[in-house]
Every structure is written in C-alpha cells, then in structure tokens.
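Hi everyone, and thanks for having me. I'd like to walk you through one structure today, taking it slowly and looking at its empty spaces as well as its helices.

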Amino acid sequence: MQKRTFLKSIPILGVLATSISEELSRSLPTHNDATPESLARDESYWKAVRAGYRLKPDYINLENGYYCFIPQSTLENFIHHIRTVNYEGSYYMRLKQFDNKKAISKTLSEIAGCDEDEIIITRNTTESLDTIISGFPWKSGDEAIMAEQDYGAMLNQFDLLAKTKGIVNKKISIPNHPISDDEIVGLYERAITPKTKMLMICHMINITGQILPVRKVCDMAHKHGVEVMVDGAHAFSHFQFSIRDLDCDYYGTSLHKWLSVPLGAGFLYVNKAKVRQLTPVFAPWDKEENDVFKLNHTGTHPVHTDLAILNALEFQDAIGLSYKEARLRYLQNYWKERLQDVPNVVMNTPYAKERSCGIGNIGLSNLNPGDMAKLLLDKFRIWTVAIDGAGVKGCRITPNLYTTTKELDAFIHAVKELSLIRS
C-alpha cells in the first residue's frame, strides 16, 4: 500500500482527524532506495523518527516491552477521537461504532494475514487468550501443554480451569539457547498424550525475546490432533509474519505494545473452523454459533481507542514494517554483541540473530536481577525491568524506534561497570 494513502482506503464513518502522520512522512528523509539493513544503521534517519515522540528526560527508557507509548501523531489523533465521540455521544455509539469496529477489524485482518471473519478487536492479549482458554470445550481429565516461560496471566487461567473443569496442565521449559528448532519441537511433542487437547506457545517469549518455531510446532501438534493457541503479544508489528502461514488455531496479541496503540487494544484470531466449538465468556447479542463476533461482546468500551489503531498503523506505514523490524533487530544486536564476552555477563537471549528481534535479556553473575535493575536506574538513570524466574535471571532490555545508539552506549558502559562489582 502506498504511504500517505492508508486511511483514505478505509471506510470509517466521519471521525478521523487530518493525518498528522502524513506530516511525519514528509519530514522523514526518503528511504525508497535504502535496504532495511542499511537504514537500520542510519542514525540521522532515526533521529528524525525520534523527533515525533515526546520523551521524558529523567531516564533512558529501555522498558518498552510493557507498553510502547505512542508517538505524538497518534496521540493527537487519539485526543481528536475522544473529543469526537464525546461530542456525538450516543449518536456515535448507536449509529457508527459497530461499523467502524468491523472496518478496523477488516484492516487488521489484511495486515495480520487472515480472513476478516476470523478476527476481533479485544483489549489485550490476556483477554484474547483467556477467552479461548475459558471457552474451549474441556472435559475433566483433558490435558493442556504450556511452558513455564509463558505469560503468567494465561498460566493462571489454565490453573483456574484445572480447579473448575478438572483439566490437567503440563509444563515444559524452553532453553534460553536452543541447539535447533527440532529441540524445541521435541520438547512439546514429548509432552503430548492421547488426552492432550491444546498446546499454548509464545511466538516471542516476553522475558527473553526468543522467537519460537511456531509453524513447526503447529505442524507437529496437528499431526497428533492437538490444537495450538499462540501468544503473540510481542510479535505483531515487531517483525514480519502472516498468521495464515503459521497455521495455528488461535492467536492473540496486544496492540499497545509494538504497534504503539493507546492502552486498551488487542486482537484475537480464531480459525473459522474452530469458532463454533467455543463458548463466549459473556453472552452475545444474537450471534450465530460460527460467527467469531459472538466472542466480542464485552459491554461498552473505549471506542476511541479502536479508532486510534488506524493512526498507529498509518505511523508504522510511514516507516515500513521491514525497516522497523531491521532497526529493532539492529538495536538489540548492537548492545548484545558489545557485552556478550564481558566477564560476569550472562546472556539470556539466543546468540543466533534469527532467534530474536528487538527484545533481549542480560544478567550478571555477580548481581541478582533486582539489584541490577535498581543500580541501573539509581546510578545510571536507565529504566528497565528485572526478571527472576522460569530459568531467567537478568534484566529485560527493550529499546524502541526512538532509542539511539548513544543511549545504548550508556547502557553498555553501565553494565560493564556493574560487572566489576564484587559479589
């Protein structure tokens, strides 16, 4: 799709502001002739991107994994949507919101690589995947497979179903440095029994940034008659892929992460052949059993956030996802390559570049993760998050498009200093 025409191709009912990200696109140097890998190293280009953000000067933010806060163009459009919905009130809510939400869902389906009748907008990954876990036709004794490195909210939901439905949860552990895809596939396969009904897998492990071989796991699981649910919280709009190519049964993500939508937006994909068997968490408004929108009734919600999805997509379109992916991967490898041989450094993210993108995790054998994170903030004014569990001891490092190599140099210097502290 040509840049600066993105929103014009979407049939939204009279609420979109004048495209502020068009101004961003005009302000950026052109990169049509540059490869993603060469542009990833062009600090002048990313300095221009950085100018589109309002950044707090108190610290270097290397904790974008929780919430990638939104650039100014998206923020201004978001505020416009709040004002418009507030101005129109129930007129908008009764006459416009549902058609607009369907149009936005259709746009997301095209970008995600699935059919429009297989996707719904939710509030986050937890809501998406817990909808599947809760609505699946479990019987007492049925088994589910997951990893201890999976996100806690989904693990807790499976635990709840173990108590209320009598299902059996089996956990494997993903190595931080796998030898091959086959090693990972084998871990999941050895846990499967005739009672296994569902397997949950992270597309990208949130605590280490490791990208897992989802398609290979899906192919294996389907041979055993096991359905696969994918936690894609950190994958969508982080690196390029198509849900259709993954061949999974369910996929959930959060759009407030790497797409940088305002808080409160995600989506759920359900393979259309699987919709009928699912029971909604909340009773739907007269939807057919095979209509994915039967899972989408959560009551009145912040519809202005849904509208801002389009503005976030437009901002991404102004840069290009392939360029964004290359920059995020470059930033992660920039600090990782300069620290991996430093004494006392423990790298919790795979060394192979194809097994990660923008997220990394680094620990120090002479400091526990909590102390490491505290010293990074108190002494060096670098904000990150400590991870201490599931075989991972370190700090998760998640730069974003506005992050500079100068900021990463400061992080590299800080880690080298901390590595000298005597334990």
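Let's begin with a question: which helix gives the most to the lining of the largest cavity? Before I answer, please keep in mind that what you see is a predicted model. The answer is helix H12, residues 303-319, which contributes four residues to that lining.

Let's stay with that cavity for a moment. Its volume is about 90 Å³, and 13 residues line it. If you want to find the middle of it on your screen, look for Trp 258, Ser 260, Phe 315, Lys 324 and Leu 401, which lie nearest the centre. What classes of residue make up the lining of the largest cavity? Nine are nonpolar, three are polar and one is charged.

How many cavities of 30 Å³ or more does the structure hold? There are three. The second largest has a volume of about 60 Å³. Its lining includes Lys 101, Arg 123, Glu 127 and Asp 306, along with Ile 121, Thr 122, Gly 264, Asn 296, Thr 298 and His 301. Sorted by class, that lining has one nonpolar residue, five polar ones and four charged ones. Please hold that beside the lining of the largest cavity, with its nine nonpolar, three polar and one charged residues.

Now back to H12, and to a helix that packs on it. Helix H4, residues 72-88, meets H12 at an angle of about 150°, and their axes are 9 Å apart. Why do we call this pair roughly antiparallel? Angles over 145 degrees count as roughly antiparallel, and with about 150° between them, H4 is therefore roughly antiparallel to H12. The crossing of H4 past H12 is right-handed. On the H4 side, the contact is made by Ser 73, Thr 74, Asn 77, Phe 78, His 81, Ile 82 and Val 85. On the H12 side, you can pick out Val 303, His 304, Thr 305, Leu 307, Ala 308, Asn 311, Ala 312 and Phe 315. This contact has eight nonpolar and seven polar residues, and no charged ones. You may recognise Phe 315: we met it among the residues nearest the centre of the largest cavity.

Next, please turn to helix H15, residues 405-418. I'll show you two helices that pack on it. One is helix H13, residues 321-339, whose axis comes within 10 Å of that of H15 and crosses it at roughly 30°. That makes H13 roughly parallel to H15. Their crossing is right-handed. From H13, the residues in contact are Arg 327, Tyr 330, Leu 331, Tyr 334, Trp 335, Arg 338 and Leu 339. They meet Thr 405, Leu 408, Asp 409, Phe 411, Ile 412, Val 415 and Lys 416 of H15. By class, we have nine nonpolar, one polar and four charged residues here.

The other is helix H14, residues 369-380, which packs against H15 at an angle of about 120°, with the axes 11 Å apart. H14 and H15 are therefore oblique to each other, and they too make a right-handed crossing. Met 372, Leu 375, Leu 376, Lys 379 and Phe 380 of H14 meet Phe 411, His 413, Ala 414, Glu 417 and Leu 418 of H15. Seven of these residues are nonpolar, one is polar and two are charged. Notice Phe 411, which touches H14 and also takes part in the contact with H13.

Let's finish with the pockets. How much space lies in the largest pocket? About 540 Å³. It is lined by 29 residues, and nearest its centre are Tyr 66, Tyr 151, Asn 206, His 234 and Lys 257. Helix H8 supplies the largest share of the lining, three residues. By class, the lining has eleven nonpolar, eleven polar and seven charged residues.

The second largest pocket holds about 460 Å³ of space. Its lining has 17 residues, with Gln 97, Phe 98, Trp 285, Asn 296 and His 297 nearest the centre. Here helix H6 gives the most, with five residues. The classes are five nonpolar, seven polar and five charged. And Asn 296 is one we have met before, since it also lines the second largest cavity.

Thank you for listening, and I'm happy to go back to any view.

Terms used:
Residues numbered from 1 in each chain as written. Predicted model: local features only at pLDDT ≥ 70, side-chain atom pairs only at ≥ 80, totals over all residues. Heavy atoms only, no water. Axes fitted to C-alpha atoms, helices over the stretch in contact; angles between N-to-C directions. Parallel < 35°, antiparallel > 145°, perpendicular 65-115°, else oblique. Left-handed = near helix turned anticlockwise from the far one by under 90°. Contact = heavy atoms within 4.5 Å. Nonpolar A, V, L, I, M, F, W, Y, C, P; charged D, E, K, R; others polar. 1 Å grid on protein atoms, 1.4 Å probe; cavity = no way out; pocket = protein on both sides within 12 Å on 5 of 7 lines; lining within 4 Å. Points joined across faces, edges and corners; volume = space filled by probe spheres on them.
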